[in-house]
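Work through the exercises below with the sequence and the coordinates at hand. Each task is followed by its solution.

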Amino acid sequence: VTLSEGARAGTGRELGMLDSLLSLGGLVLLRDSVEWEGRSLLKALVKKSALCGEQVHILGCEVSEEEFREGFDSNINNRLVYHDFFRDPLNWSKTEEALPGGPLGALRAICKRTDPGPVTIALDSLSWLLLHLPCTTLCQALHAVSHQDSCPGDSSPVGKVSVLGLLHEELHGPGPVGALSSLAQTEVTLGGTKGQASAHILCRRPRQRPTDQTQWFSILPDFSLDLQEGPSVESQPCSDPHIPPVDPTTHLTFNLHLSKKEREARDSLILPFQFSSEKQQALLRPRPGQATSHIFYEPDAYDDLDQEDPDDDLDI
């Protein structure tokens, strides 16, 4: 298949954005909202990891396995290891295929794997886990998986671990959101305007200053990214020239401006702490015939005039 130059450039930009999200490893936090959903971007990242030959584990808690796999071709679906916690999250049916310990048990089992290759773990979603687990327990488990080259007690080396966590930010307070944000190496906040989605990407690299950028994109039906230019200035809403502008100073109880007469009166006013040259001469050089004053001081018996021992009156 021969791609045109524009198509190759678009594909390169798409891979550049996806690579920037997955290159650091660790926790990639996808913060979405009701208006701008993030599951499509999560699936795009899962597809990119699967095409790179990585082991991809899905911890599905919020939607069914069929709904999550929808839109992937058979090649991608065959590479995904799906851990279904949506159908029976509390293991009431006591099936043998259920992992002990629930989603955190699955995380620990992935951590104890023997394959040294890179692995991607997609959590769909962190919001569901926060509603069923203490925040501290979840943060400790994420730190153990994404910040260690090997698990405690396991001497086998492991490759790069990327944890993709989808977080519905509006469901949680600032405490849990801040705790997960502090653990993330890459933080993606979804937004947009006029129906065009954007991703604000904050990357924290070790021993380097954090970097941030904003990407405008759309997600195709096969969960490929189509990077786009941001909205132009001409597309922003502009004011109607037929509607006169509203003066915000019309109904104030005080004046913001002075008239010409008020400005002249202000400039001619001499403040009491300002000394003109005439006033200084009048104070320093009294005019002839002007009464002068003198101070007469007669020492008292208890006045201490001895500078060598000023404390002799204390009877020490």
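**Exercise 1.** Decide whether S40 is buried or exposed, and find its contacts outside the local sequence.

*Solution.* Buried means under 20% relative accessible area, exposed over 50%, and partly exposed in between (1.4 Å probe, protein chains only). S40 has 19% relative accessibility, so S40 counts as buried. The residue lies in helix α2, residues 39-51; helices (H or I, at least four residues) and strands (E, at least two) are DSSP runs, numbered from the N terminus. Contact means heavy atoms within 4.5 Å. With neighbours within four places in sequence left aside, S40 is in contact with I219 and F223.

The model is predicted: local features need pLDDT of at least 70, side-chain atom pairs count only at pLDDT 80 or more, and totals for chains, interfaces and linings use all residues. Residues are numbered from 1 along each chain as its sequence is written, and side-chain values use heavy atoms, with hydrogens and water left out.

**Exercise 2.** Determine which residues of the largest nonpolar core touch the most other members.

*Solution.* A nonpolar core is a set of buried Ala, Val, Leu, Ile, Met, Phe, Trp, Tyr and Cys residues joined through side-chain atoms within 4.5 Å. The largest has 32 residues, and those touching the most other members are L30, V46, F68, L164 and V188. Helix α2 gives the most to this core, with 6 residues. A second, separate core has 28 residues, including L104, I110, V177 and L183. As for F68, its contacts beyond four places in sequence include L42, V46 and Y82.

**Exercise 3.** Count the disulfides and explain why C135 does not bond to C139.

*Solution.* A disulfide is a covalent bond between the sulfur atoms of two cysteines. The criterion is a pair of cysteine sulfur atoms within 2.5 Å. The closest cysteine sulfur to that of C135 is in C139, at 3.9 Å, which is too far for a bond. By this rule the count is 0 disulfides. C135 is partly exposed because its relative accessible area is 23%, whereas C139, at 12%, is buried.

**Exercise 4.** Place C203 in the secondary structure and state whether C203 is buried or exposed.

*Solution.* C203 is in strand β7, residues 196-203. Its relative accessibility is 4%, so C203 counts as buried. C203 and Q185 are 18 residues apart in sequence, and their C-alpha atoms are 6.0 Å apart in space.
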